[in-house]
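Subject: The structure we talked about

Hello,

Here is the structure I promised to pass on. Please open it alongside this message, and my notes on what turned up will follow below.

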Amino acid sequence: MRRSMDLICYTYPGWAPRIRPASPKRDWMEKTPERFAYRCLPLAIANAHGWELLSPCGFEARWTGSLAADGVEIRVDPGNEGKQKPVALFGHGTITFHVEGIFRTPEGWNLWAGGPPNAAKDGIAALGGVIETDWSPYTFTMNWRFTRPNHWVRFEENEPFCFLFPVQREVLLETEPSIRPMTEEPGLKEAFEAWSKSRDDFHKWIAENPPEASADKWQKLYFRGQRPDGSPGPGDHKSKLRLKPFRTPDGSLMEPPEPKAACPVAHQSVPAAAAPAILAAAAPLQNPALALTLDRLGFNAAPQAQAPALALPVQAKPAGGLAEKRRDWLLAAMERQRGLASNGAVPRERGLPGDEFLARYYAASRPVVIEGALEDWPARIRWTPDYLKRKVGKARIEYQAGRDGDPDFELYKDRHKVGAPFDAFIDAIRRPGNDAYLTAYNSSANRAALKPLERDLGHLDAYLTRGPGMIWIGPGGTFTPLHFDLTNNLIAQIVGTKELLLVPPSETPNMYNRRHVFSDVHDLADAARLEAHPLARDVRSYAVELQAGDVVYIPVGWWHQVRARDFSVTLTYTNFRWPNDAWESFPGE
């Protein structure tokens, strides 16, 4: 069994480093069409392949072109003067960040330090270094060098300035590099040629049959850790890295805030008449909790034109009696304590046995993502829109329509039920949007029509009894607003990717739950609704990216909202092997 490796940051009195696991996201990757840059798995893994040190202050800097140390001008944002700020020490157009910490690694391990991978800054470049952190009692600095003079460069407070990851010192010296013909490795040439042909065939097929769904436009063999023949590759293949945060001396996890919204720099001029409009547009993003929520959901947090005001009342938390206040206090305290073991995220498991699932998650009412649970289900590969259309044909089905015109489309589902031939429904959802969606609410009406698809499904016998799931089929952009369910749910993602935001039951007093299981907040990424419902701004939340082949367990009472990134087919199961009858005692309206 592998032993965990200690990475310790020792601090001197007065030091307060800001450290976090590196984010896999990059602004430029988010802005690529259909976020296609993330299809390059080596890029995404490199982004998250270490820990980030964050700037303790916002500042701007400019190099005059002089090689002297005073050739760099640094201006710190107002209110940040007392914080540890970068300095110009060495000349030659460099600025230096002091690192408030002495790091320790096991014997024989160094730390590589450099700039965040795949995150270039215009006009300045990070310098790299390697530190022997298994013995050194010395601090180190992180340096950046300007690439051209007379260009202002800006760092926001909490923007990463240094990226760290451990490397073994002797491995490079013991490495024997060589070049050899491919034929010397048994099977490698054949495997490469098979992949090369399959790639050419795939690109030809794409050119002749352009798919609608972005997920169908690229091969995923390496991303999924599969060999060219579709067989599984190594068991420790990673399509994501989820590193642990640093733990502070009191046992809590360090969770530095996101970078602050951009602050206008001193050398820029803003016409007086324009300033109020700029501030008004940026105002919704001044809330760090909102900015974090937007980032977790994959939205660009740049200020947009202010949304029209919603006709929603601003509500305060009900006063409640002493018993209710103590109940709410206890729930919040329990959730904070539970968070000590969660690393600030929903746990992710692979090959989780049923008895462990019961003990650690189901009985404890803790959500979990089980990766690769559906890997051997034929539906994962077969269920393209065209395949579904062929299999079900013109059988008449029921789905939800006209959702865009009703802000309470989920509450009033019966108003939106319509019928149509299945093939016509598939054609109707070729484009992204939220107007048409086949949901679990339509399941009983659709069971007979969709029965031909059942042969493509497998079973989750470790967690469920045998029985049909409730199917969801829709385009990218479909959205299920914030709510909780009256049962424990297992959500199985067959095709596409969904982004979920989970909020624990302890936050219920802040969720404006006036109507059945729904929140008036509707969407935690909606600045206007958060403005109208301020108690929801700072709720504890957990982001989950659910990819094809994974399942997520959502315990009864956990709030969640769901957004499909691309064409998506999902099954929801409630037929667990253990009691799941909380709905029977739910208090009525």
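Let me begin with one helix: the buried residues of α8 pack against β22. Please keep in mind as you read that this is a predicted model.

Which residues of α8 are the buried ones? They are Asp328, Glu335 and Arg338. These three cover an arc of only 95° around the axis, so they sit on the same side of α8. Leu322, Ala323, Arg326, Trp329 and Gln337 lie on the other side of α8 and are exposed. The length of the helix also works out: α8 takes in residues 322-338, and its 17 residues at 1.5 Å each should span 24 Å, which agrees with the 24 Å between its end C-alpha atoms.

For the wider setting, the chain contains 14 helices and 25 strands. Of its 589 residues, 44% count as buried. Among contacts in the chain with a separation of 6 or more, 78% are between residues 24 or more positions apart.

Now to the strands. A good one to look at is β23, residues 551-554, which is covered on both faces. Val551 and Tyr553 point to one side, Val552 and Ile554 to the other, and all of them are buried. As background, side chains in a regular strand alternate between the two faces of the sheet. Which strands pair with β23? One of them is β15 (residues 368-371), antiparallel to β23 over three bridges; here Val369 has Val552 as its bridge partner. Another is β20 (residues 489-495), also antiparallel to β23, over four bridges. In that pairing Asn489 is matched with Ile554.

Strand β13 (residues 160-168) has pairings worth a look too. With β3 (residues 51-54) it pairs in the antiparallel sense over four bridges, and Leu54 stands opposite Pro160. With β8 (residues 109-114) the pairing is again antiparallel, over six bridges, and Ala113 has Leu164 of β13 as its bridge partner.

Next come the aromatic side chains. A pair of aromatic rings is described by the distance of the centres and the angle of the planes. The count comes to 28 aromatic pairs. One of them joins Trp135 and Tyr138, with 6.2 Å from centre to centre and 85° between the planes, an edge-to-face arrangement. How accessible are these two residues? Trp135 is partly exposed, because its relative accessible area is 46%, while Tyr138 reaches 54% and therefore counts as exposed. In the pair of Phe357 and Tyr362, the ring centres are 6.0 Å apart and the planes meet at 45°, so this pair is tilted. Both Phe357 and Tyr362 are buried. They belong to an aromatic cluster together with Tyr463, Tyr553, Phe576 and Trp578. You will recognise Tyr553 from β23, where it is one of the buried residues.

Two lysines sit over aromatic rings as well. The charged end of Lys121 is over the ring of Phe155, at 4.5 Å from the centre. Lys413 lies over the face of Tyr441, 5.1 Å from the ring centre.

Finally, some loop residues you may want to click on. Tyr512 has a phi near 55°, a positive value in a residue other than glycine. His522 is not a glycine either, and its phi is also positive, at about 75°. Where are they? Tyr512 is in the loop between β21 (498-503) and α14, and His522 is likewise found in the loop between β21 and α14. Are they buried or exposed? Tyr512 counts as buried because its relative accessibility is 7%, and His522 is buried with a relative accessible area of 14%.

Pro534 is in the loop that runs between α14 (527-532) and β22 (542-546). Its relative accessibility is 31%, so Pro534 counts as partly exposed. The C-alpha atoms of Pro534 and Met511 are 9.7 Å apart, although the two residues are separated by 23 residues along the chain.

Happy browsing, and do write back with any questions.

Best wishes

Methods. Residues numbered from 1 in each chain as written. Predicted model: local features only at pLDDT ≥ 70, side-chain atom pairs only at ≥ 80, totals over all residues. Heavy atoms only, no water. Helix = DSSP H or I, 4+ residues; strand = E, 2+ residues; numbered from the N terminus. Buried < 20%, exposed > 50% of the residue type's maximum accessible area, 1.4 Å probe, protein only. Phe/Tyr/Trp six-rings, centres within 6.5 Å; stacked < 30°, edge-to-face > 60°. Lys NZ or Arg CZ within 6 Å of the ring centre and 35° of its normal. Expected span 1.5 Å × (residues − 1). Arc of directions from axis to C-beta. Contact = heavy atoms within 4.5 Å. Pairing = 2+ DSSP bridges.
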